[in-house]
Amino acid sequence: MSAYVPASDRYDAMLYNRCGKSGIRLPAVSLGLWHNFGSIDNFENGRQIVRRAFDKGITHFDLANNYGPLPGSAEENFGAILQKDFTGYLRDELVISTKAGYLMWPGPYGEWGSRKYVLSSLDQSLRRMKLDYVDIFYSHRPDPETPIEETMGALDTAVRQGKALYVGLSNYSAEETKAALAVLKQLGTPCLIHQPKYSMFERWVEGGLLDVLEANGVGCIPFSPLAQGLLTDRYLKGIPEGSRASKPSGFLKAEQITPATLDKIQRLHAIAQKRGQSLAQMALAWLLKDKRITSVLIGASSVGQLDNNLGALDKVQFDAAELQEIESILK
Ligand SMILES: NC(=O)c1ccc[n+]([C@@H]2O[C@H](COP(=O)([O-])OP(=O)(O)OC[C@H]3O[C@@H](n4cnc5c(N)ncnc54)[C@H](OP(=O)(O)O)[C@@H]3O)[C@@H](O)[C@H]2O)c1
C-alpha cells in the first residue's frame with residue numbers, strides 16, 4: 001500500500017459536537033473497531049477504512065482490550081496502522097479510546113472492575129497499541145461485586161498517571177451512572193462520556209439515562225447505532241455471505257433476523273427512500289437529531305459502508321409526520 005498522506009480538506013465537511021460540558025469536541029460520526037479489525041480479518045482492508053475515516057474528518061477511534069478476535073488483536077492491528085500511517089504529530093489529531101471490563105485473561109484478575117484488573121488492563125492496551133496514553137479510558141461494564149469507589153478510583157488513577165486524558169462509562173444503567181458520576185466528581189476526574197447501546201431498535205437510554213447525562217454535562221456516544229447492520233439494506237434480501245450474521249465469530253445471530261424484524265426494516269427502508277437516504281443514513285440521523293447525542297459510534301466492514309454512513313450528515317432533520325411514522329413502526 002502506498003504511503004499515506006492525509007487529505008488536506010479532512011476537516012471541511014465533518015460536524016464536531018461538544019462532548020457534554022467538556023472542552024473537547026468529537027466528530028458526529030466515530031469509528032469503532034469491535035469487528036473487522038481482528039487477527040482473523042484482512043489487515044489492509046481495516047487500514048483502508050481507518051485512512052478513509054480520517055480523511056473524512058473522523059478523529060475518534062474506539063477500541064477495547066478484548067476486541068478481535070483474538071482478544072487484543074484489534075488493538076495490535078490499530079497500533080500497527082498508527083505506526084505505519086499516523087506518524088509524527090498526527091497522534092495529536094486523534095481521540096483514541098479503550099476499555100476494560102470484559103474477560104481478557106484467565107484467573108481472578110482478568111475481568112470486571114477491580115483496581116488490579118482495570119489498571120493492568122490499561123497497561124496492556126497501551127503496549128498493544130504502542131501508545132503512551134489513550135484519550136478516553138472506559139469502565140466497560142459495571143461490576144456488581146466491586147465497590148464503585150474502587151473502579152472509579154482506578155479510572156482516576158489512570159488519569160493521574162498520565163495514561164488517560166479522560167474517563168468514561170459504558171453499559172452502566174441510569175442509577176449506576178449517577179453513583180459513578182458522584183464518585184468521579186469527588187475524585188476530581190469528571191466523567192467525559194457514556195457509551196450505551198442505542199439505536200431505533202434498542203431504546204432503553206430514553207428511560208432515564210439521557211436525562212442523567214444531560215443534567216451532569218456528560219456526553220453520549222451510542223454504540224451499535226445500526227443494530228449491527230440490521231438498520232441498513234444488508235439483510236433486505238436474506239443473509240449475504242460475509243455479513244456479520246453469516247459469520248460464526250460475529251455477535252449478530254441469524255436467529256435475530258425474524259420475519260417481524262424484517263418487516264420493520266422494510267418499512268423503515270421505504271421511509272428512508274422517500275427522504276432520499278439509505279436506511280443506514282436515516283438510522284444515524286434519527287439518533288443525531290437529539291442534541292444530547294455527541295457522536296454515533298459506527299462499525300464498517302468496507303470503505304463503501306463508511307462513505308454511505310457519512311452521508312447521514314447531509315440530512316439530519318425530520319419533520320413531525322416522518323417521526324410519527326417511524327414511531328408507529330418501532331412500537
Ligand atoms: N461498549 C460496548 O459494550 C460496545 C459493544 C458493542 C460495540 N461497541 C462499539 O461500537 C462500535 C460499533 O458497533 P457495531 O459494529 O455493532 O455498529 P453498527 O454500526 O450498528 O454495525 C456495524 C455493521 O453494520 C454493517 N454496516 C455498517 N454500515 C453499513 C451500510 N452503510 N450498509 C450496509 N451495512 C452496513 C456492517 O456489517 P457487515 O459486517 O455485515 O458488513 C458493519 O460491520 C464497535 O466497533 C465498538 O467500538 C461498544
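1. A friendly place to start is one bridge in the sheet: serine 30 has leucine 297 as its bridge partner in β10. Please keep in mind while you look at this pair that the model is a predicted one.

2. Stepping back from serine 30, strand β3 covers residues 29-32, and its pairing with β10 is parallel, over three bridges.

3. Now for the sheet these two strands belong to. Eight strands make it up, and the sheet is open, with parallel pairing. If you would like to trace the strands on screen, follow the order β9-β8-β7-β6-β5-β4-β3-β10. The edges are β9 at 219-220 and β10 at 296-298, each of which pairs on one side only.

4. Helix α4 is worth a look next. This helix, residues 148-160, lies across two strands, β6 (134-139) and β7 (164-170). Against β7, helix α4 runs at about 155°.

5. For the chain as a whole, the secondary structure amounts to ten helices and ten strands. The chain is as compact as a globular protein of its length, because its radius of gyration, 19 Å, is close to the 20 Å that the globule rule gives for 331 residues. If you prefer outer dimensions, the C-alpha trace spans about 50 × 50 × 40 Å along its principal axes.

6. Two last figures concern the packing. Buried residues make up 44% of the 331 in the chain. Among contacts with a separation of 6 or more, 76% come from residues 24 or more positions apart.

Notes:
Residues numbered from 1 in each chain as written. Predicted model: local features only at pLDDT ≥ 70, side-chain atom pairs only at ≥ 80, totals over all residues. Helix = DSSP H or I, 4+ residues; strand = E, 2+ residues; numbered from the N terminus. Rg over C-alpha atoms; globule rule 2.2 N^0.38 Å. Buried ≥ 20, exposed ≤ 12 C-beta atoms within 10 Å, placed from the backbone. Contact = placed C-beta atoms within 7 Å. Pairing = 2+ DSSP bridges. Axes fitted to C-alpha atoms, helices over the stretch in contact; angles between N-to-C directions.
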